[in-house]
Amino acid sequence: MTKYSIAVDIGASSGRLILGYLENGVLKLNEIHRFENKIVKKGEAFCWEAGKLFQEIKNGLHQCKQMGIKPDSIGIDTWAVDFVLLDEDDMPLTEAVSYRDPRTDGIMEQVFGHIIKERLYLETGIQFQKFNTIFQLYSIKQSNPEILEKAKSFLMIPDYFNYLLTNKKVNEYTNATSTQLVNAFTKKWDVQLLDLLGINKEMFHEIKMPKTILGNLSEELVGEIGFDMKVILPATHDTGSAVISVPEKEDTIYISSGTWSLIGVENYFPICIMKALDYNFTNEGGLDYRYRFLKNIMGLWMIQEVKRNYQDVYSFAELVEMARAADSFKSLVDVNDDRFLKPENMVDEIRNYCQDTNQMQPNTPGEVAKCVFDSLAASYKLAVKEIEEIFEKQFKKINVIGGGCQNEMLNQLVADVTGKEVNAGPVEATAIGNIVAQLMALNEIEDIKDARAIIKKSFEIKKYLPAKHVLNQ
Ligand code: LFR
């Protein structure tokens, strides 16, 4: 009997429920429900609307019922690092504050007063981003220590939704590693680190691996939805799910392209050497204890914000076309500068950056978009060079996955600036990675090798070759 799994994939700007199943060895996908996600201001803080998002998950399940679909399982993935804390009655003590909230400004330096940067990296292997959970928790400790003392449960966003689905509280491994509180070698919560920082360690739950069958829907929910199914842990960190979908591993650098661009390689062990620290590469935990050695690049967030700043007058496709037409515009920004994390106005911030660095300011939407795409490509090129230096080898190809791989201009640009073949696809990498993990847990797919072979034959991959003049350089 065919098994049907639902991937709930929630990103920074939208969430979807996607049904996946195997038909004659080919993976089929069917979008059931789509909803908006955004950051809203609650009091002083920028937050996610966790309650609304969970309601949307339930709306999607009602939709399944109406469509006559009875899924065997469901798995949830979202972005990483963010969390809620629950009290002794399992009620939220905190809002789901977004990592883009400035509450962690200056906190990293305070944490380094307790543990030096190098030691933190050697133990966790995680890159330094001011919004990592470790810094978010430490900022709560500084501003509202009583919240941390009262907290009985620490749940990452997908852990929280899993709890609402099943009444079970666990911390899933791939997402847990993004906290910078998991030891890269023992793969457990780093209790010593928590003690050093004076963070209540009792609130953390047992770390469970992707492919774990968590249980069934709670009785209450079965009553509400009208059917039962298994809740399975995929790689609940979206990037962890996405990277499972990279069809070829050999000689390939991937770019998971969405709100963020995550560029790196899959690895079997963490690389916590000083050069990796200097270049700020991370070793995030993956399926079967594989590691994602990668770095975060600001990504399409910049163009999403640019689009918003122009009051959504232009579509993404129009911005791309206008960028193409602004061919002579050459200014570049450092996309990884913190000033682009959540500026008041992205267009102004880009213009100001150019002024501060004595470059021509972009004036038209096309010039602004050109500046963003060129700067992203330049940043990818640098990251490729850093990866090749660390691995002491050349990689032949770049595989762009995720929604951003539909941007043909950027794909060609990446091929041109890196001089490498670029393969684009699958577009639905995250949902696919989520679904195959569930199908592995249900014994429909044997292992990750089997999964990748299925993915390769099920989805279109487009090839972009570097322009000749670049190849001949
Ligand atoms: C991508 C992503 C990145 C993570 C960032 C913040 O959606 O999950 O992997 O660094 O969001 O959580």
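In this short talk I will go through the domains, the annotated binding site, one buried helix residue and two helix packings in this structure.

Please keep in mind throughout that we are looking at a predicted model.

Let me start with the overall division. The chain is split into domain 1, residues 5-236, and domain 2, residues 246-425, and the centres of these two domains, taken over C-alpha atoms, are separated by 25 Å. Where the domains touch, 22 residues come from domain 1 and 20 residues from domain 2. On the domain 1 side, the elements that contribute two or more residues are α3, at 117-124, and α7, at 173-177. If we sort that side of domain 1 by residue class, we find ten nonpolar, eight polar and four charged residues.

Next, the binding site. An unreviewed UniProt entry lists Ala80, His237, Asp238, Thr239 and Asn296 under "binding site". These positions span 217 residues in sequence, but no two of their C-alpha atoms are more than 13.9 Å apart, so they gather at one spot.

I would like to take two of these residues in turn. Ala80 sits in the loop between β6, residues 73-78, and β7, residues 83-86. Is Ala80 buried or exposed? With 27 C-beta neighbours inside 10 Å, Ala80 counts as buried, the threshold being 20 or more. Setting aside residues up to four places away in sequence, Ala80 touches Asn175, Ser178 and His237, and His237 is itself one of the positions that the UniProt entry lists.

Asn296, by contrast, belongs to a strand, β17, which runs over residues 291-297. Asn296 has 18 other C-beta atoms within 10 Å and is therefore classed as partly exposed. Once neighbours within four places in sequence are left aside, Asn296 is in contact with Gln127, Gln129, Trp260 and Leu262.

Let me turn to Val111, which lies in helix α2, residues 107-112. Val111 is buried, since 24 other C-beta atoms lie within 10 Å. Beyond the neighbours within four places in sequence, its contacts are with Ile134, Phe135, Tyr138 and Leu197. Val111 and Leu196 are 85 residues apart in sequence, while their C-alpha atoms are 9.5 Å apart in space.

Finally, I come to helix α15, residues 365-391, and begin with its packing against α12, residues 301-309. How are α12 and α15 oriented to each other? Their axes lie 10 Å apart and make an angle of about 170°, and because an angle over 145 degrees counts as roughly antiparallel, that is how α12 and α15 are described. From α12 the contact uses Met302, Ile303 and Val306, and from α15 it uses Val368, Ala369 and Val372. By class, the residues of this contact comprise six nonpolar, no polar and no charged.

The second partner is α13, residues 316-325, whose axis comes within 7 Å of that of α15 and crosses it at roughly 90°, which means that α13 is roughly perpendicular to α15. Here Leu319, Val320, Met322, Ala323 and Ala325 of α13 meet Pro365, Gly366, Ala369, Lys370 and Phe373 of α15. The residues in this contact are eight nonpolar, one polar and one charged. Ala369 of α15 takes part in the contact with α12 and also in the contact with α13.

Key
Residues numbered from 1 in each chain as written. Predicted model: local features only at pLDDT ≥ 70, side-chain atom pairs only at ≥ 80, totals over all residues. Axes fitted to C-alpha atoms, helices over the stretch in contact; angles between N-to-C directions. Helix = DSSP H or I, 4+ residues; strand = E, 2+ residues; numbered from the N terminus. Parallel < 35°, antiparallel > 145°, perpendicular 65-115°, else oblique. Contact = placed C-beta atoms within 7 Å. Nonpolar A, V, L, I, M, F, W, Y, C, P; charged D, E, K, R; others polar. UniProt positions renumbered as here; feature names shortened; annotations may be inferred. Buried ≥ 20, exposed ≤ 12 C-beta atoms within 10 Å, placed from the backbone. Domains from an automatic or database assignment.
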